[in-house]
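Visitor: Could you take me through one part of this model with some care, namely the place where the two chains meet? I would also like to hear about the surroundings that help me find my way around it.

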Amino acid sequence: MANNAEAAAQPAVRLEHVSKKIGRKTIIDDLSFDIYGGEVFGFLGPNGAGKTTTIRMIVGLMRMTQGNIYIQGHSIKGDFKQAIRQVGAIVENPEMYKFLTGYQNLIHYARMIPGISKERILEVIKLVELQGRIHEKVKHYSLGMRQRLGVAQALLHHPSVLILDEPTNGLDPQGIHDLRNYLHNLSREEHVAIIVSSHLLSEMQLMCDRIGIIQKGKLIGVETVNDFIEKGSSKVRIQVDDGRLAAQTVKDKLAIDAVFIDDTTLEVPVEHEKIPVVVDTLVVSKIKIYSVIAVAKSLEDRFLEVTGGKSVE
Amino acid sequence: MSNFVGLLQNENMKIYRRSSAKVMMIILLGLILAAGLIIRFGSDQPKSDPHWKQTLIQDNKVNQKQLAQMKGNKQVANYLKKTIAINKYRIEHNLKPSPGETIWNFMEDAAGNLILVISVFTIIVVSTSIASEFDTGTIKLLLIRPIYRTEILLSKYISALLFTVVCLITLFIASWLLGGLLFGFGGVNEAHLVYDHGTVYQSSWTLAIWKGYLLNCVSLFMTVTFAGLIASVFRNGGLAIGLSIFTMMASSIVITLLGRYDWVKYVLFANTDLTQYTTGTPIRDEMTLGFSLAVLAVYYILFIFIGWAFYTRRDIKA
Ligand SMILES: Nc1ncnc2c1ncn2[C@@H]1O[C@H](COP(=O)(O)OP(=O)(O)OP(=O)(O)O)[C@@H](O)[C@H]1O
Ligand SMILES: [Mg+2]
């Protein structure tokens with residue numbers, strides 16, 4: 001969890017029992033969670049889980065059937081202008097006006113919020129490294145360049161909440177790396193709350209502090225990335241002098257199905273907290289231990305585990 | 001409110017930066033030029049007639065005969081009566097009709113015909129402005145700003161009407177310039193004869209031309225608003241353009257066919273053509289200018305309200 005000082009502060013974004021029904025279908029079912037300034041929150045879920053729908057409701061593009069959403073304390077329903085003023089966002093693809101240049105697109109958005117100077121526009125262009133191409137029409141841009149322009153328009157007005165729906169889509173490795181660093185800086189230095197949804201789970205692992213998993217419109221858990229990975233059945237790989245004997249010992253004394261990989265290595269499926277118990281047992285049994293490595297599951301393994309390996313519902 | 005100026009600047013940028021806006025302007029100027037050249041050089045300009053009084057008396061005899069034989073068709077009868085009355089007035093007041101086309105005729109005809117073209121252009125502009133952002137998905141980034149959807153829609157509507165104004169000014173200046181170059185700037189003081197319920201009086205051409213613009217624009221204004229309504233409700237530019245142009249074109253035929261029914265006077269398109277009151281041939285006899293204006297106002301409020309409600313309330317799924 002976030003530290004106490006932050007937890008006590010007002011959340012940057014708060015969802016309260018948010019539901020969305022379209023026709024008879026419940027697309028979002030009673031979603032509640034808080035996101036704080038200074039953290040990167042990953043919104044994770046299989047295709048069609050309702051990530052984009054949730055983001056649309058946060059930015060007021062869709063009405064919620066029930067519940068409310070507050071941005072820096074302002075209800076998006078009751079106090080739209082004050083609430084949305086805090087937000088910069090990309091919703092799904094960053095669709096810009098193709099017949100305008102990148103620069104004209106930014107001018108267009110800058111005119112809609114008071115107090116954006118020309119310097120700020122140039123600053124943002126530099127930030128996403130589009131200086132060389134900014135006066136070309138957007139129809140001549142590549143997907144990655146459009147994505148960069150999308151990030152630029154989201155940042156123009158110094159938002160305190162940044163929402164990016166699949167921002168790495170189309171970016172090259174360098175672009176992803178830069179974006180990750182930039183988001184990191186924004187959250188740490190300017191205390192911006194950042195919500196990212198992505199299909200690239202390994203990306204989320206590197207980018208996010210906390211992760212919320214959504215499936216079939218329901219939130220099935222909010223955890224820090226580390227907890228998320230370490231929780232559940234993780235594995236340790238232990239190097240010993242006699243693998244076969246060690247595996248047998250663990251089986252007999254702890255009733256854990258250890259697998260010996262080769263003569264000197266065994267793998268023990270065990271929760272994080274119980275690793276010392278396993279080590280103790282081996283030591284007591286006079287088995288020599290050369291190394292203990294926690295084989296952390298990737299976010300992907302854990303994700304498939306949590307969502308039951310099913311993708312589209 | 002300074003924000004609203006920014007919104008108008010944005011919408012203007014999106015209208016005029018599209019290549020279609022340039023194409024429309026070129027077509028408009030091209031049509032004016034073509035019309036002028038065809039009228040000037042397509043047929044021989046008639047010579048000044050020294051015996052014009054005799055000619056008019058002769059004409060009126062023919063017209064009288066036709067009028068006597070006429071039964072039923074009110075519009076033609078009215079036209080004949082008007083011609084006869086004006087010819088008489090000319091003879092009595094010694095006002096020689098100018099031979100062939102003048103700058104004034106040209107401007108009046110240009111307004112009458114090309115405002116229809118401007119209507120079509122503005123229908124395209126307003127429909128594209130409102131609906132295309134749903135097709136391209138740009139609506140999402142447009143609506144997540146601290147601006148109400150009402151303001152966005154209003155800026156789109158007003159900028160489309162400003163486009164009309166730009167077209168009208170272009171039409172006015174171009175037709176005046178071309179009319180003057182081709183038919184001479186002279187005759188500025190020539191009288192404009194108005195036939196009003198059996199009497200003829202003199203008026204100025206400038207006034208007549210302004211009046212022509214104004215009356216023609218009523219129809220334009222209503223069809224453009226109708227297009228905006230369809231675009232807001234269905235979020236489909238093609239549908240809005242097609243449907244509005246079709247109703248605009250088809251309505252005059254349909255309305256004439258339905259003229260004998262009492263309820264037709266409540267149909268929008270029976271009331272958009274206000275020139276029916278200047279020519280003295282309203283679609284139904286009991287209709288008056290005030291009645292038409294009231295009907296138009298009711299439709300207008302309805303269009304604006306429904307279009308606004310749909311635009312501001314519905315979810316953005318684009
Ligand atoms: N207009 C609509 N009418 C009916 N169902 C809809 C509508 N829009 C979305 N849905 C449904 O809502 C669910 C959630 O869609 P959403 O786009 O939020 O998913 P997502 O998590 O963003 O998926 P992805 O990872 O593919 O982007 C899907 O099952 C989708 O079919
Ligand atoms: Mg999505």
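**Where chain A meets chain B**

Guide: From the N terminus on, the elements of chain B follow the order α-α-α-α-α-α-α-β-β-α-α-α-α-α, that is, 12 helices and 2 strands. This is a predicted model, and in it the C-alpha atoms of chain B fill a box of roughly 75 × 45 × 30 Å, taken along the principal axes.

With chain B placed in this way, we can turn to the interface itself. On the side of chain A, 31 residues are in contact with chain B, and 31 residues of chain B are in contact with them. Between them the two chains bury about 3000 Å², and 58% of that area lies on carbon and sulfur atoms. In chain A, the residues that lose the most area to chain B are Leu61(A), Arg111(A) and Met112(A), which together make up 25% of what that side buries.

The polar part of the interface can be described in equal detail. There are 17 residue pairs in polar contact between chain A and chain B, counting pairs in which both residues are at pLDDT 80 or more. The elements of chain A that each supply at least two residues to the side touching chain B are β1 (13-22), α3 (80-84) and α4 (102-110), and of the elements on that side α4(A) gives the most, with 4 residues. Sorted by class, the residues of the side of chain A that touches chain B comprise 17 nonpolar, 6 polar and 8 charged.

As for salt bridges, the count between chain A and chain B is 3, while the count over all chains comes to 19. A salt bridge across the interface joins Lys20(A) to Asp315(B), with their closest N and O atoms 2.5 Å apart. For a salt bridge inside chain A, one can look at Arg120(A) and Glu123(A), whose side chains meet at 2.6 Å, N to O; both residues belong to helix α5 (residues 118-127) of chain A, where they are 3 residues apart, about one turn of the helix.

Finally, to help you find your way around chain B, there is the second largest pocket, which holds about 780 Å³ of space. It is lined by 30 residues, and the closest to its centre are Ser252(B), Thr256(B), Phe269(B), Asp273(B) and Ile283(B). In chain B, the elements α4 (74-93), α5 (103-136), α8 (205-234), α9 (237-257) and α11 (275-278) each supply at least two residues of this lining, and the largest share, 6 residues, comes from α9(B). By class, the lining of the second largest pocket has 14 polar, 11 nonpolar and 5 charged residues.

Technical notes. Residues numbered from 1 in each chain as written. Chains lettered and ligands numbered in written order. Predicted model: local features only at pLDDT ≥ 70, side-chain atom pairs only at ≥ 80, totals over all residues. Heavy atoms only, no water. 1 Å grid on protein atoms, 1.4 Å probe; cavity = no way out; pocket = protein on both sides within 12 Å on 5 of 7 lines; lining within 4 Å. Points joined across faces, edges and corners; volume = space filled by probe spheres on them. Nonpolar A, V, L, I, M, F, W, Y, C, P; charged D, E, K, R; others polar. Contact = heavy atoms within 4.5 Å. Buried area = accessible area lost by both parts, 1.4 Å probe. Salt bridge = Lys/Arg side-chain N within 4 Å of Asp/Glu carboxyl O. Polar contact = N/O pair within 3.5 Å; in protein donor to acceptor, adjacent residues only side chain to side chain.
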